[in-house]
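Dear colleague,

I am handing over the structure below, and I would be glad if you could look through it alongside these notes.

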Amino acid sequence: MFEEVLCSYLINNFGIHALVGDRVYPLMMPQNCPLPAVIYQKISGERLHSLQGDTGYTTPVFQITSRADTYSECKALAEQVRLSLQNFTGLMGGADGVDVGAVILMGEVEGYEPDTNSWYNHMDFKFHYEEGM
């Protein structure tokens, strides 16, 4: 599953790991999770089809969210996420990983959440790769 590959890649990236350790989560953070942390979720995607059926080529879009207690921590973490993913090509996730053709940053937004007293940065990345058929 690509989500597991992405999670492993983010956790094992030196710049990200230095800031969050293994606090990289799918969909939402656990309750009372210390910050900073990274959350990822698939927000859209499409699969290329031909007249013969599914080609295996897919382009999911994942939103990667950086959360932190301060604006500067959030910006630093978001920058590490961007540097690790933007324009990435190659094998993601080690020998059993996924051969990614491209990762494109589609957009980002940042803000403050008063309910949790934390800062966030959402970045949407489009991944291009072939799924196992």
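The notes that follow concern the nonpolar core and the aromatic pairs.

This is a predicted model, in which local features need pLDDT of at least 70 and side-chain atom pairs count only at pLDDT 80 or more, while totals for chains, interfaces and linings use all residues. Residues are numbered from 1 along each chain as its sequence is written, and side-chain values use heavy atoms, with hydrogens and water left out.

The largest nonpolar core (buried Ala, Val, Leu, Ile, Met, Phe, Trp, Tyr and Cys residues joined through side-chain atoms within 4.5 Å; buried means under 20% relative accessible area, with a 1.4 Å probe and protein chains only) has 27 residues, of which Leu6, Ile64, Leu85, Met92 and Phe127 touch the most other members. Its largest share, 7 residues, comes from α1 (helices are DSSP runs of H or I with at least four residues, strands runs of E with at least two, numbered from the N terminus). Leaving aside residues up to four places away in sequence, Leu85 has contacts (heavy atoms within 4.5 Å) that include Tyr9, Val103 and Phe125.

The whole structure holds 7 aromatic pairs (Phe, Tyr or Trp rings, the six-membered one for Trp, with centres within 6.5 Å; planes under 30 degrees apart are stacked, over 60 edge-to-face, the rest tilted). The ring centres of Tyr9 and Phe88 are 5.2 Å apart with planes at 65°, so this pair is edge-to-face. Both Tyr9 and Phe88 are buried. Phe62 and Phe127 are also edge-to-face, at 5.7 Å and 90°, and they link strands β5 and β8 across 65 residues.

Best regards

Key
Buried means under 20% relative accessible area, exposed over 50%, partly exposed in between (1.4 Å probe, protein chains only).
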